[in-house]
Amino acid sequence: MYTSGVERPSSLQRSSKMKSFITNTLSDFFFEYETPRQVLVRSRRVGVVCRLIQLGVLAYIIGWVFIYEKGYQSSDTAVGSVLTKMKGVGYTNVTGEERIWDVADYVFPVQPPNSKNRCSSDADCEGRSERTGDGHMTGKCLVNTTKMCEVLAWCPVEDDSSIPDPALLMSAENFTLFIKNTINFPAYGVMRCNLVEGIDNQYIKSCLYDPKTAPLCPIFRLGDLVQMSGFNFAAIAKVGGAIGIIIDWTCNLDHDQSDCKPIYSFHGLYGNPDEADTARASVGYNFRYAKHYMEDKQEKRTLLKVFGIRFDIIVRSVARKFDIIPTLTAIGSGVGIFGVATVVCDLILLYLLPKREFYNNMKFKVTETMEKEPLDEFKSEKEVSKSDSAEGS
């Protein structure tokens with residue numbers, strides 16, 4: 001019998017060495033720190049380029065991200081409501097008929113004959129229905145009188161071919177509009193009203209909005225509103241129009257809440273401010289409304305076609321407050337952008353400068369990988385058995 005001279009490791013020894021190997025690997029992973037190798041390049045041109053890029057990135061982070069865009073704050077938009085009240089009394093005297101106009105008359109949310117309705121017999125009036133007609137056609141032609149199709153309508157029919165010039169209620173220029181606006185920023189639990197600190201009943205009784213002397217007064221003179229929107233009051237009162245009133249709430253809640261105040265601006269939306277374009281269709285703003293009443297047991301109505309000024313009140317709001325999450329996000333993105341300087345400088349060193357081969361050798365270290373034979377103690381039992389069989393033969 002032939003015995004092999006190779007000493008086989010026991011299972012206990014293999015287990016101990018494997019345990020030691022795993023322990024060392026974990027220890028290296030948790031208690032060692034690896035840092036990339038850096039190469040210090042003494043070059044004025046590359047150094048200046050690097051610092052200029054870093055300075056530009058720093059200016060972008062501080063100037064744009066933090067100061068202009070307020071990258072260190074979170075933001076919220078408001079939920080709000082608007083209430084308005086109009087005050088003023090107007091007086092008109094048309095053909096000797098005097099009338100007083102108050103809020104109930106001027107605050108709101110029959111047509112002349114034309115060639116389309118002419119006829120020579122009842123056949124011309126049958127089955128016809130004009131969208132812009134005066135009423136419902138009865139199918140009868142009034143040959144002996146007007147030679148027009150008979151319609152079932154309010155009499156007399158409306159005649160809006162003549163518009164008063166100047167407008168009847170030119171005194172509306174001195175009417176006043178009171179605006180009450182309340183907003184709520186739910187994310188921050190902040191509620192504000194345009195009747196801010198210092199706007200009390202005594203102040204409201206005497207104030208009138210002025211962008212310089214009284215920018216927080218909630219009472220606006222109509223003539224001033226029209227003028228600040230760029231329109232002419234006489235023109236817009238004649239044909240009507242619309243004016244947008246913007247209430248802007250831009251608040252920095254890192255400061256005291258009393259600094260959160262509204263800013264008003266005014267914009268002409270539609271009308272005829274320059275009185276130059278006379279060929280446009282549907283110029284201005286107008287609507288009709290009727291007042292019904294009974295007289296001698298007969299229903300009657302007064303139809304009014306009103307050329308008015310429509311006010312659209314638009315509330316814009318945004319509140320900002322310091323928040324650590326967007327701050328860290330902005331800082332992290334800025335640090336990442338600093339890497340642009342490294343990329344640009346590496347491209348210059350490796351591809352543009354005359355000594356690019358030298359810099360390439362300094363930056364990259366090339367080594368050859370050598371494969372090692374596995375240790376005897378980690379050979380499998382199968383390999384050892386094969387070795388024994390070879391020696392025995």
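**View 1. M86 and its surroundings in strand 2.** In this predicted model, M86 is part of strand 2, which covers residues 79-87. Is M86 buried or exposed? With a relative accessible area of 17%, M86 is buried, because buried means under 20%. Setting aside residues up to four places away in sequence, M86 touches V103, Y106, V107, F175, T176, L177, L222 and F311. M86 also appears in a UniProt record: the unreviewed entry lists it under "binding site", together with K85, K87, T176, N286, F287, R288 and K305.

**View 2. N286, another residue from the "binding site" list.** UniProt names N286 in that list (unreviewed entry). Look for N286 in strand 12, residues 286-295. Its relative accessible area is 31%, so N286 is partly exposed. Which residues does N286 contact, leaving aside neighbours within four places in sequence? They are K305, V306 and F307, and K305 is itself on the UniProt list.

**View 3. The largest nonpolar core.** Here you can explore a core of 41 residues, the largest nonpolar one, in which L177 and F311 touch the most other members. Several elements each supply at least two residues of this core: strands 7 (176-185), 9 (219-221), 10 (241-252), 11 (263-270) and 14 (309-322), plus helices 5 (222-228) and 6 (233-239). Now zoom in on L177. Not counting neighbours within four places in sequence, L177 is in contact with T84, K85, M86, P218, I219, F220, L222, L225, I245 and F311. Another core, of eight residues, lies apart from the largest one, and its members include C50, C345, I348 and L349.

**View 4. Helix 8 and what covers it.** Helix 8 runs over residues 339-352, which makes 14 residues. From first C-alpha to last, helix 8 reaches 19 Å, close to the 20 Å expected at 1.5 Å a residue. Which residues of helix 8 are buried? They are A341, C345, I348, L349 and L350. Their cover includes helix 2, helix 7 (324-337) and helix 9 (356-363).

**View 5. Two spans with a UniProt label.** The feature "transmembrane region" is placed by UniProt (unreviewed entry) at residues 46-67 and 330-353. Residues 46-67 are 100% helix and 0% strand in the model, with end C-alpha atoms 30 Å apart. For residues 330-353, the figures are 92% helix and 0% strand, and the end C-alpha atoms lie 35 Å apart.

**View 6. Aromatic rings that pair up.** How many aromatic pairs does a search of the whole structure find? The search finds ten. In one of them, F66 and Y72 are stacked, with 6.4 Å centre to centre and 10 degrees between the planes. F66 counts as buried, because its relative accessibility is 18%. F287 and Y289 make a tilted pair, at 6.5 Å centre to centre and 35 degrees between the planes; both of these residues are buried. Ring pairs also link Y209, F220, Y264 and F266 into a cluster.

**View 7. Y72 in its loop.** Y72 sits in the loop between helix 2 (44-68) and strand 1 (73-76). Y72 is partly exposed, because its relative accessible area is 23%. Beyond its neighbours within four places in sequence, Y72 is in contact with F66, D254, K321, F322, D323, P326 and T327.

Definitions and conventions: Residues numbered from 1 in each chain as written. Predicted model: local features only at pLDDT ≥ 70, side-chain atom pairs only at ≥ 80, totals over all residues. Heavy atoms only, no water. Helix = DSSP H or I, 4+ residues; strand = E, 2+ residues; numbered from the N terminus. Buried < 20%, exposed > 50% of the residue type's maximum accessible area, 1.4 Å probe, protein only. Contact = heavy atoms within 4.5 Å. Core = buried A, V, L, I, M, F, W, Y, C linked by side-chain atoms within 4.5 Å. Expected span 1.5 Å × (residues − 1). UniProt positions renumbered as here; feature names shortened; annotations may be inferred. Phe/Tyr/Trp six-rings, centres within 6.5 Å; stacked < 30°, edge-to-face > 60°.
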